[in-house]
Structures are given as structure tokens and as C-alpha cells.
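Dear colleague,

I am passing on the structure below, together with some notes on what turned up when I went through it. Please read them with the sequence and the model side by side.

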Amino acid sequence: MNAVVLLGPPGAGKGTVAEVLVDKGYKHVSTGDLLREQIRLETPLGLEAKELMDRGRFVPDSVVVGMIRGLLESSDFSAKYLFDGFPRTLVQAEKLDELIASLNGTLEHVALLECPFDAIVERLIGRRTCGKCGSVYHVTFNPPSNGELCDVEGCALTQRPDDTEETVRERLAVYEKQTAPLISYYEAKNLVRPINANQPISAVRADVLKSLA
Ligand code: AP5
């Protein structure tokens, strides 16, 4: 089992880049998507997560690591995994190393998407998502071709509850405090591939593909 981590602040474009890596055969694992599915199903975990996510706070490490462990242990070991939004704390990074080692796998690269925080606020406030297929748009930078409707499903797009300016700024503060230290953690292992994420989507996707080749 081999893996790549997509690291970067909220709104840097991790999900947008992941779409093109899925086309290259990666199995996309987004802890944000997994948690939103629990919220949609109204499970006890989902109810606990919603309260934290709506305020821009992290879900506890034990919950997130438990979700990832369950998923990896019951999945295809020959697959190439793309982790998006995980790990987000040093504890999660250490647990991921242990999990990968226990499955005789390798963490190949960490693609670090770098983007100024002001650009991120604009991106997240303008983000729209399809509740049916998960497609992600932006009202200005990546608009759907059909007004406010999803290109794939034709249904109305929605805004995530944590994409208000106040919550986005809180998420960025949490990122700086809890996730940014992972950059040094992975630099010490010589795994980091920095990517300029403050350029058009096609250029960011091309740079990520080049860095992972
Ligand atoms: P999660 O869903 O992972 O959110 P996030 O990390 O905050 O990242 P986003 O999904 O907001 O952004 P993205 O980088 O994927 O950007 P996107 O491609 O959509 O997590 C949500 C919450 O769940 C967390 O806050 C936390 O509470 C909890 N959680 C999740 N994982 C956890 C964990 N491991 N531990 C604890 N808690 C956890 O792009 C954003 C917008 O910009 C889009 O509109 C897009 O069209 C546009 N865009 C993208 N790229 C460009 C570009 N190059 N130029 C212009 N616009 C662009």
C-alpha cells in the first residue's frame, strides 16, 4: 500500500487537485468528506463532528484516526492512496506512519499546496458544491456552465456551513497552530514537494502531477 499526502491550508485546492489524481488511479481519502457523510447519516459521530466543524475546530484525533484505520484495514492493500485533509496534527501524522508501516506500505510524497490566506478567504466564500456528486465549483474561478446548477447532476449547488468568512478565518488560525508544524515533520523525512497553489487551477494540477512523477 503506497500513499501520497495532500497538505495545505483549507481552501488551498486539495479537493480540486484530487479530482485529477483520481483520474490517474489514486484512491481519494478525504477526512472532511468522510465526516460530512457521517453528518448526513446523522450518526452519533456525525452529530459530534458537526458541532466542531461548524465552528472551524478539529474533530478529535482518536475519531479521525479510527476512521482511517477502519478504512485502510478493510481496503485494497495494492491501491495507491491519496490522503486529503489527513493528517492534520502531529499525532495523526505519527499514527499514519504506524498504520502504513503495519501494512508494509510507503508514504511516497507530501504535496504541499501553498497559497496566501487572503486568496483562500475569497476562494472559500465563493465555493459551491453539489450535494449529489460532490463536484466543487467557484462562483468566479470555476463556475458551472449552467448558471447555479451542477454540470453533472443538474441540481442546485449549495454552500458549506463552514464557508462563512468568520469560520474560514478560524479554520486558518487552527491550521497555523495545529497543521503547519507538519511541514517540518515531513521536511525532516525529505518528503515535501512544495506547489504554488496561487495560480490557475490547470497550472496547479499540472505542477502536482509533475511533482509526483
Ligand atoms: P475539509 O473538508 O478537509 O476542509 P479543508 O481542509 O478546510 O479544505 P477545504 O475542503 O475547505 O478546501 P480544499 O483545500 O479542498 O479546497 P477546494 O479544492 O475545495 O475539512 C472540513 C472540517 O472537517 C475541518 O475544518 C475539521 O473540522 C474537520 N476535519 C477534516 N479532517 C480532519 C482531520 N484530519 N482532523 C480533524 N478534523 C478534521 O477549493 C476551494 C475553492 O477554491 C473551490 O471553490 C475551488 O473551485 C476554488 N479553487 C481551487 N483551486 C483554485 C485555484 N487554483 N484558483 C482559483 N480557485 C481555486
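R171 and D163 are both buried, and in this predicted model they form a salt bridge in which the closest N and O atoms are 2.9 Å apart. The pair also belongs to a wider arrangement, since R127, R160, D162, D163 and R171 are linked in a network of salt bridges. Over the whole structure, the search finds 14 salt bridges, and two others are described here.

One of them joins the side chains of R169 and E165, with 3.0 Å from N to O. Both residues sit in helix α7, which covers residues 165-179, and because they are four residues apart there, about one helical turn separates them. R169 is partly exposed, with a relative accessible area of 42%, and E165, at 40%, is likewise counted as partly exposed. Neither of these two values falls under the 20% that would make a residue buried, whereas R171 and D163 are buried.

The other is the salt bridge between K50 and D54, where the closest N and O atoms lie 2.6 Å apart. K50 has a relative accessibility of 33% and is therefore classed as partly exposed, and D54, with a relative accessible area of 30%, is partly exposed as well.

I would also draw your attention to some features of the backbone. As background, most residues other than glycine have a negative phi, and most peptide bonds are trans. Against that, the peptide bond from F86 to P87 is cis, with an omega near -5°, and P87 is placed in the loop that runs between β3 (80-84) and α5 (90-102).

Which sign does phi have at N104, a residue that is not a glycine? The phi of N104 is positive, at about 55°, and the residue is found in the loop between α5 and β4 (106-114). N104 is exposed, with a relative accessible area of 70%.

N190 also has a positive phi, of about 60°, although it is not a glycine. The loop that holds N190 lies between α8 (181-187) and β7 (192-196), and at 63% relative accessibility N190 counts as exposed.

When you open the model, you might begin with the network that includes R171 and D163, go on to the cis peptide bond from F86 to P87, and then look at N104 and N190 in their loops.

With best wishes

Conventions: Residues are numbered from 1 along each chain as its sequence is written. This is a predicted model: local features need pLDDT of at least 70, side-chain atom pairs count only at pLDDT 80 or more; totals for chains, interfaces and linings use all residues. Side-chain values use heavy atoms; hydrogens and water are left out. A salt bridge is a side-chain nitrogen of Lys or Arg within 4 Å of a carboxyl oxygen of Asp or Glu. Buried means under 20% relative accessible area, exposed over 50%, partly exposed in between (1.4 Å probe, protein chains only). Helices (H or I, at least four residues) and strands (E, at least two) are DSSP runs, numbered from the N terminus.
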